[in-house]
Amino acid sequence: MKVLKFGGTSVGSSKNINKVISILDAYAKESKVVCVVSAVGGITDKLLLAGMQAQSKDNAFKATFQIIKDVHFSIIKELNPDNSSSILNYAEEKLNELESLLNGIFLINEISPKTSDKLVTFGELLSSFIIAETMKNRGLSAYRKNAQELVVTNANFTKAEVDYSVTNANIKDYFSSAKENITILPGFIARSTFGEQTTLGRGGSDFTAAIVAAGLHVEQLEIWTDVSGMFTTNPKLVKQARPIETISYQEAMELSHFGAKVLYPPTVQPVLDLNIPIHIKNTMEPEAVGTIISNEFVASNNPVKGISNISNIALLTLQGSGMVGIPGFSKRLFETLSNEKINVILITQASSEHSICLGIEAKDVEIAKTAIDITFENEIALHKIDPIQVETNLSIVALVGDNMKNHQGISGKMFSSLGKNNINIRAIAQGASEKNISIVIEETDVKKALNTLHEVFFESITKQLNVFITGVGNVGERLVEQIKQQKKYLKDNLKINLRVVGLSNSRTMIFNGGGISLKNWKEDLSNGEKASLEGFFENAKSLNLRNSIFVDVTANKDVAGLYEKYLRESIAVVACNKIACSSTFSNYKELKRLSLKYNAPFLFETNVGAGLPIIDTLGNLIASGDKVTSIQAVLSGSLNFVFNNFNDTTKFYDVVKQAAAEGYTEPDPRIDLSGVDVARKILILARESGVTMDLEDIENIPFLSKAGLESNSVDDFYQTLIDDESHYQSLFASAKAKDCQLKYVAKFDNGKASVSLQEIPKGHPFYNLEGSDNIVMFYTERYSQQPMIIKGAGAGADVTASGLFADIIRLGNN
Ligand code: ADP
Ligand code: ASP
Ligand code: MG
C-alpha cells in the first residue's frame, strides 16, 4: 500500500489534475494506492471569505459563491468533456447545500467555529469526488471514500484533535477490505465523536495523509506539492533557496512550526513514532528528487539546515520590579494564555527575571492583553508590574539545524550579518537544545533578513551587491558599461553578484529589485518614471535590499546633501562627486560618523585623481600607523592640459577653449582656472590625513589676471582671456627663461595647505608630467627621504568610472 497526498495547487486545475491522475495510474500498477487530496487551490480561502461576507451582511458572498461554483464546473467539464453529467449533478447538489448554508449565515448574521468547519468541508468533498469520478470515467479502479467516516476527533472546531485509537481502527478496518486499486480521500476534514463535522487546522491535508500512513504502517508517505521539496528557506521570498535533500524529523518539524508552509507541523508526529519517512515531491516536476524527512543521519558540512519565517507576530512584554524572585508569575501568565487557547510561539526571559517576553499570533493580541491585564490587576494597581506592552507588525525568523549545537559562532554570524544590513532585532530565543535560534524583527525586514541569512549560511561564496546609480552622463555611462562587461568575471572569479537595481539621470529613473537587465538600459531608462532625488532615495529605501550601494556620479550639491539619508538606512555611498567631502568639516565628519554607526561604507576614491588609488593608499598608510608630513601634488587634469599646450605659439584663450571642448574643464572653466577644484582636492587629502581643515584655510594664490578673477559670467571671463593674453604670455616667458615648466601645484605642509601655479625646474618629478596626468607625492614618517609617488591619468571618463567600480568592488570584499 502507498499513501500519497496532493495539495491545493496539484489539484488546482484540470491540467494539474491530469498530472495527478497519471502519477496515480503509474503507482497503481505496482500496488494499491491511497491518495489524500486538498481542496482545489484557493477554494478553502474563498469558502471562508464567503462565510465572513455573509456573516457581515455583505451581499458580495453571492459573487464569491459564484466563483467557487464556476471554478468547479469548469474543472469538471474540462476533465470530462464527454461524460460530465453525473459529476456535475453531484457538484450541483453539494453547491446547493453550500448556498443554503451561506444564506443561513447571512440570515443569522453569525458564523461559529462549528459552522465554519461545516463550510470548508465542501472544498475537499468536491475535489475528492471530482478526481475519483474522473478516474472512473477513464476506466481506472478508483473510489472516493469520505475521510470523515475514518478520522474521528474531539469537537475542538477549526483545529480538532484526533482520537487515534478509534481512527486507527477505522482505517485498518476499511482498508483491509477496500477493493479498488486507488482510494481517494478528502484531506483536512473529519468528524467528531458526536458526528459533527470538524477540520484538522489549515493545511491539514498533510496531517490526514500522515494519519492514514501511520494507521496502515506503510513504508513511506509521499506529499506532492508545488515545489520540489522542503527548501533551505521560503522559495517565494528567496530566489536562491534550494531543496534540502535529506532532513531529520526534528528539523522538519522546527522549520514547519516556524513557518515553512510546505509541511503542516503536526504531520510529522504520527509517522515519527513509526519511523515512516516522508518524501516531499513536486507534482509539476515529478522527476526532481525532492526531500526525504527521516531519522537517517546524513552528514552535512552545514550545521544550518534551513531558515524559516512566520509573519503576523505580536510581542507581549510583561515587566516590573515586583516580578523579581517571586515564583508563580510565569505560571499565571501561561495559564492565562492557555485558558484563552492562545498559542505561545516564542518566549524569552531576562536572567534578572525582571521581564518576560512572548511572541504570539497577532490575531490573538487583543484577547491576550485583556486576559493578562485582568490576571495581574492587583500587581498592576500596586505598580509592582506594568500593564502588558504590546508590539505588532513583527515576524519571527528562525535558523534550524540539529547540528548547530556542535558549532560555535552561528548566532554571532546571524546577528552581525543582520546588523550590517540595519535589521533591528527585537527579541531573541534559543532553546537549550540549540536546534533553533529565533529572532523577532519588523515585518518589513523579513525578505531582506531571509536573503541576508541565506547568503551567509548557504551561499557564503557569492555575495550580492545591489547598486543604485544616479547620474549616467559621460562617467556614469562608462560605469554601467563596465559593470555590464565585467558581471560574469566578478561572479566567476570574485564571487560577487553585482546587480544594478536603480538607475537615474536628471530626467528619468528606473528600478528593478531583481536586477535591471543592462542590455537596453539606455532605452529602458528613457522610458522610466520621472526622476527625483527624493524619489530615488525612497525607492532604494523601500526595496530594502541587502548590501545596497548608492553611487553618485553627479557633481550636484543636492545629491551630496542626501548621503546622510542613505547612510542612515545602512546604504553604502560611493561618490565621485567632491562636494560632500569638501563641504564644511563638520559635515564631512558627520558623514564619516554615520558611515561607522550604520555600518555603511562611504567611499570617494575618485574625488582625487580619478581612478588613481590615492585616497585608498593614504587610508592604508594612516591605518598602519604612519603619519603624513607633507603632500605635493599636481591634481588638475584640466590645468595640466592647459599648461601643457600653452606656449608662445598658441593663445591662452584658444587653449582654454579647446580644453573645454574636449571635456577637460567644468562647464564653468573658472572653477578649474581659479584653483577651487584643486583646493577641494588637497582639502580632502589633508582631511583624510587626519587634519581638521576647511576650504577657507587653504591659501589660493591666483594666476588669473585681475579682470579674469573679477569677471561676472563665463562669456566675460573668456573675453578677459583674449584681452589679457600678454599677462599669460608673461607667465610662460618667465618660466621659459628659467628652463622651467608651468604646473598648477597643491601643497600640504605642516598643517597648512596652498594651491598655486609654479615654475617647475628640470629634474623635478612634476617636470615631465604629460597630458592630463596627475601626480601625488606623499612624505610621511616612513617615507621621509623618498616620497611615495602615485602618478597616472587623473581625468577622463573611463578612468573615473573604473575608480568608482573599484570602490564598489571594495565593498564586495568588505
Ligand atoms: P500544498 O497546497 O501543496 O499543501 P502549500 O501551499 O501548503 O502547498 O505549501 C507549499 C508552499 O510552501 C510552497 O509553494 C512555498 O511557497 C511555501 N514554502 C514556505 N517555506 C517553504 C520551504 N522552506 N520550502 C518549501 N516551500 C516553502
Ligand atoms: N484545503 C485546506 C486548506 O487550504 C487543507 C489543505 O490544503 O491542506 O487549509
Ligand atoms: Mg499545504
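Buried means under 20% relative accessible area, exposed means over 50%, and partly exposed covers what lies in between, computed with a 1.4 Å probe and with protein chains only. The exercises below use these classes on a predicted model, in which local features need pLDDT of at least 70 and side-chain atom pairs count only at pLDDT 80 or more, while totals for chains, interfaces and linings use all residues. Residues are numbered from 1 along each chain as its sequence is written, and side-chain values use heavy atoms, with hydrogens and water left out.

**Exercise 1. A charged patch**

Find which lysines gather in a patch of positive charge on the surface, and classify Lys-447 by its accessibility.

Solution. Begin with the rule: a patch is made of residues with over 30% relative accessible area and no salt bridge, like charges being joined within 9 Å and nonpolar side chains (Val, Leu, Ile, Met, Phe, Trp, Tyr) within 5 Å. The place of a lysine charge is taken as NZ, and Lys and Arg count as positive. The residues that gather in this way are Lys-239, Lys-447, Lys-487 and Lys-491. Next, place Lys-447, which lies in helix α14, residues 446–458; helices here are DSSP runs of H or I with at least four residues, and strands are runs of E with at least two. Finally, Lys-447 counts as partly exposed because its relative accessibility is 49%.

**Exercise 2. The seven-stranded sheet**

Give the strand order of the open sheet of seven strands, and explain why one side of β21 and of β24 is left without a neighbour in the sheet.

Solution. Two strands pair if DSSP finds at least two bridges between them. On this criterion the order is β21-β20-β19-β18-β22-β23-β24, and the pairing is mixed. The edges are held by β21 (529–530) and β24 (602–603), each of which has a single partner strand, so one side of each has no neighbour in the sheet. Now follow two of the pairings. Strand β18, residues 463–470, runs parallel to strand β19, residues 496–504, over eight bridges, with Val-467 opposite Val-500 in β19. Strand β18 is also mostly covered, since seven of its eight residues are buried. At β24, the pairing with β23 (residues 572–575) is likewise in the parallel sense and spans two bridges, and Val-573 stands opposite Phe-602 in β24.

**Exercise 3. Positive phi at two asparagines**

State what phi Asn-275 has and what phi Asn-547 has, and decide for Asn-547 whether the residue is buried or exposed.

Solution. The background is that most residues other than glycine have a negative phi. Asn-275 nevertheless has a positive phi of about 60°; this residue lies in the loop between α9 (268–273) and β10 (278–282) and is partly exposed, with a relative accessible area of 46%. Asn-547 also has a positive phi, near 45°, and is found in the loop between α17 (533–543) and β22 (548–552). With a relative accessible area of 18%, Asn-547 is buried.

**Exercise 4. Salt bridges**

Determine how many salt bridges the rule yields, and describe what the pair of Arg-426 and Glu-442 ties together.

Solution. A salt bridge is a side-chain nitrogen of Lys or Arg within 4 Å of a carboxyl oxygen of Asp or Glu, and by this rule the count comes to 37. Take the pairs in turn. Lys-363 bridges to Glu-361 with closest N and O atoms 3.8 Å apart; Lys-363 is exposed at 63%, whereas Glu-361 is partly exposed at 30%. Arg-426 and Glu-442 form a salt bridge with a closest N and O separation of 2.6 Å. Because Arg-426 lies in strand β16 (residues 425–430) and Glu-442 in strand β17 (residues 436–442), the pair ties together parts that are 16 residues apart in sequence. Lys-736 and Asp-648 form a salt bridge whose closest N and O atoms are 3.2 Å apart. This pair links distant parts of the chain, with Lys-736 in helix α28 (residues 725–737) and Asp-648 in the loop between α22 (637–645) and α23 (652–661), 88 residues apart. As a last step, note that Glu-564, Arg-568, Glu-590 and Arg-593 are linked in a network of salt bridges.

Terms used:
Chains lettered and ligands numbered in written order. Areas by Shrake-Rupley, 256 points an atom, 1.4 Å probe, with all protein chains shown as cover.
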